[in-house]
Amino acid sequence: MERSRVLLEAARIIREQREEIATLETINNGKSIFEARVDIDISWQCLEYYAGLAGSLAGEHIQLPGGSFGYTRREPLGVCAGIGAWNYPFQVACWKAAPALACGNAMVFKPSPFTPLTVVRLAEIFTEAGVPKGLFNVVQGGAATGQFLCHHPDVAKISFTGSVPTGIKIMGMAAKGIKPVTLELGGKSPLIIFSDCALENAVNGALMANFLTQGEVCCNGTRVFVERKILDVFTKEVVKRTQKIKIGDPLLEDTRMGALINRPHLDRVQGFIKQAKEQGAEVLCGGDLYVPDDPKLKNGYYMQPCVLGNCTDDMTCVKEEIFGPVMSILPFDTEEEVVERANNTKFGLAGGVFTRDIQKAHRVVAALKAGMCFINNYNISPVELPFGGYKASGFGRENGRAAMEYYSQLKTVCVEMGDVESVF
Ligand SMILES: NC(=O)c1ccc[n+]([C@@H]2O[C@H](COP(=O)([O-])OP(=O)(O)OC[C@H]3O[C@@H](n4cnc5c(N)ncnc54)[C@H](O)[C@@H]3O)[C@@H](O)[C@H]2O)c1
Ligand SMILES: C[N+](C)(C)CCCC=O
């Protein structure tokens with residue numbers, strides 16, 4: 001209950017300072033202030049949710065023969081290292097810190113060197129809310145700092161959010177110390193649009209699945225499979241709506257797409273589009289740099305959101321995570337075919353389906369090999385729901401009751417009520 005009170009107080013401070021933190025996050029990452037506010041809301045909701053769960057940590061009582069019994073205790077792991085990506089800096093830190101602290105652990109958090117700012121604010125808020133000194137700590141740095149944390153003998157668990165190649169290294173380092181890991185890695189998720197969908201919702205869903213945070217979202221549904229019967233009408237509408245997305249100064253109220261994280265990443269995203277064209281895809285809209293009128297933004301890393309048509313499953317843009325505002329549209333004819341193609345990927349983070357046929361919806365998501373599936377929506381984040389991947393997208397879960405499992409360990413106590421029957 002004490003942990004709960006402190007987390008609730010931290011959530012209250014975040015709510016109170018929402019505008020200031022959102023502004024800092026926009027400066028930190030480049031995403032629009034409109035979206036940053038949503039991220040901050042999801043963050044305080046996460047703290048409130050785990051505040052609610054903190055007092056419910058409990059074991060079981062198990063009756064044994066002769067009046068003996070056993071019981072289990074759910075105990076903290078110790079010092080947990082959190083290593084974050086740059087796309088949701090404040091939110092990722094809250095998704096890790098809230099369950100870690102609720103379960104009685106300490107955390108040392110390392111943000112991405114590209115987004116060092118807001119997690120420091122989080123640490124200050126925790127202190128202000130009454131988190132004891134040293135219980136939540138921030139260290140800045142890049143790969144070397146991350147490696148140091150993973151190898152440190154006092155670190156009991158590593159919770160990592162980032163790319164698959166780094167995830168592989170983290171798992172290797174954790175293996176050396178037999179440390180449990182949570183890996184929240186990348187994806188190339190399918191979004192399946194059946195012809196019996198509510199078209200406007202499906203178009204909205206496809207935009208939500210591809211263009212939040214400049215497309216730099218792990219669970220994005222970037223392979224948009226569209227039933228051939230509605231391919232033309234769906235594509236036309238998606239392109240029309242994509243062209244209307246307001247790009248520019250992320251601190252302006254009406255901006256909906258800000259700047260990508262840095263120049264090398266922008267070049268990489270555009271490299272994927274160039275390669276897609278060479279492989280036969282058609283750029284239906286966007287893909288070029290966007291240069292705002294404001295002279296002080298001229299050198300910003302802005303690009304026009306891109307929709308690719310004429311795509312096939314073997315193209316690089318369809319197989320690899322681009323992590324930018326690039327949607328690939330792929331036609332399909334049957335449910336069986338689309339499920340097989342949707343699952344034909346090394347990743348398994350998310351998936352989505354739009355249809356009015358509720359049986360088909362449940363049948364298809366049951367067949368998808370992905371950890372987070374959406375029916376008739378995409379990329380919403382209720383903190384009550386566990387989030388995490390299958391296959392190369394990682395394992396372990398954040399959010400929901402499930403995350404408590406990943407920040408605690410079970411101790412079993414066996415209690416003898418009779419005499420010891422020795423075999424010797
Ligand atoms: N599944 C999820 O919840 C989720 C959420 C956000 C981002 N992501 C993924 O993150 C990737 C983009 O983020 P990124 O570019 O910051 O990823 P990244 O793997 O380059 O870096 C992630 C973090 O790991 C650190 N790091 C890098 N090398 C390390 C090493 N050898 N040892 C220890 N730490 C190291 C970085 O400094 C950073 O803090 C994408 O693939 C995206 O899909 C996944
Ligand atoms: C809040 N979203 C949009 C579901 C993103 C979760 C974190 C992944 O990058």
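**Close-up views of a predicted model**

**Figure 1. Lys391 occupies the loop between β14 (372–375) and β15 (394–395).** The structure shown in this and the following figures is a predicted model. Phi of Lys391 is near 50 degrees, and this value is positive although Lys391 is a residue other than glycine. With a relative accessible area of 38%, Lys391 is partly exposed.

**Figure 2. Asn310 has a positive phi and is not a glycine.** The phi angle of Asn310 is about 55 degrees. Asn310 belongs to the loop that runs between β11 (306–309) and α11 (316–319). Its relative accessibility is 56%, so Asn310 counts as exposed.

**Figure 3. A shell of 29 residues surrounds ligand 1.** The closest of these residues are Gly84, Ser163, Thr166, Leu185 and Glu321. By type, the shell around ligand 1 divides into 14 nonpolar, 11 polar and 4 charged residues. Three elements, α6 (143–151), β6 (155–161) and α7 (164–176), each supply at least two residues of this shell. The largest share, 4 residues, comes from α7.

**Figure 4. Lys110, Gly162 and Thr166 each place a polar atom by an oxygen atom of ligand 1.** In Lys110, a polar side-chain atom lies 2.8 Å from an oxygen atom of the ligand. In Gly162, the partner is a polar backbone atom, and the distance to an oxygen atom of ligand 1 is 3.2 Å. In Thr166, a polar side-chain atom is 2.7 Å from an oxygen atom of ligand 1. On its own, ligand 1 has 850 Å² of accessible area, and the protein covers 89% of it.

**Figure 5. Ser163 is placed in the loop between β6 and α7.** Ser163 is among the residues closest to ligand 1. The side chains of Ser163 and Thr166 are joined by a polar contact of 3.1 Å. Thr166 is also one of the residues closest to ligand 1. The view further includes Gly187, which is 24 residues from Ser163 along the chain; the C-alpha atoms of Ser163 and Gly187 are separated by 9.0 Å. Ser163 counts as partly exposed, because its relative accessibility is 31%.

**Figure 6. Nine named positions form the surroundings of ligand 2: Asn87, Tyr88, Gln91, Trp95, Val217, Cys218, Cys219, Asn379 and Ser381.** The shell around ligand 2 divides into 5 nonpolar and 4 polar residues, with no charged residue. In the side chain of Asn87, an N or O atom is 3.0 Å from an oxygen atom of ligand 2. Cys218 contributes through its backbone, where an N or O atom lies 3.1 Å from an oxygen atom of the ligand. For Ser381, the ligand atom is a nitrogen, and a polar side-chain atom of Ser381 lies 3.5 Å from it. Ligand 2 taken alone exposes 300 Å², of which the protein buries 94%.

**Figure 7. Glu184 carries the UniProt annotation "active site", which comes from an unreviewed entry.** Glu184 lies in strand β7, which comprises residues 181–184. With a relative accessible area of 5%, Glu184 is buried. The same database, again in an unreviewed entry, places the feature "domain: Aldehyde dehydrogenase" at residues 2–413. This span is 40% helix and 18% strand, and its end C-alpha atoms lie 25 Å apart.

**Figure 8. The structure holds 0 disulfides, as views of Cys94 and Cys197 illustrate.** Cys94 is in no disulfide, and the nearest cysteine sulfur, that of Cys46, is 6.3 Å away. A disulfide would require the two sulfur atoms to lie within 2.5 Å. The relative accessibility of Cys94 is 0%, so this residue counts as buried. For Cys197, the closest cysteine sulfur is in Cys373; the two sulfur atoms are 18 Å apart and therefore too far for a bond. Cys197 also counts as buried, because its relative accessibility is 7%.

Definitions and conventions: Residues are numbered from 1 along each chain as its sequence is written. Chains are lettered from A and ligands numbered from 1 in the order in which they are written. This is a predicted model: local features need pLDDT of at least 70, side-chain atom pairs count only at pLDDT 80 or more; totals for chains, interfaces and linings use all residues. Side-chain values use heavy atoms; hydrogens and water are left out. Buried means under 20% relative accessible area, exposed over 50%, partly exposed in between (1.4 Å probe, protein chains only). A residue is near a molecule or strand if one of its heavy atoms lies within 4 Å of it. A polar contact is a pair of N or O atoms within 3.5 Å; within protein, one must be able to donate a hydrogen and the other to accept it, and residues adjacent in sequence count only if both atoms are side-chain atoms. Accessible areas come from the Shrake-Rupley method with a 1.4 Å probe; for residues, only the protein chains shown count as cover. Ala, Val, Leu, Ile, Met, Phe, Trp, Tyr, Cys and Pro count as nonpolar, Asp, Glu, Lys and Arg as charged, and the others, Gly among them, as polar. UniProt positions are given in the numbering used here, feature names are shortened, and annotations may be inferred rather than shown by experiment.
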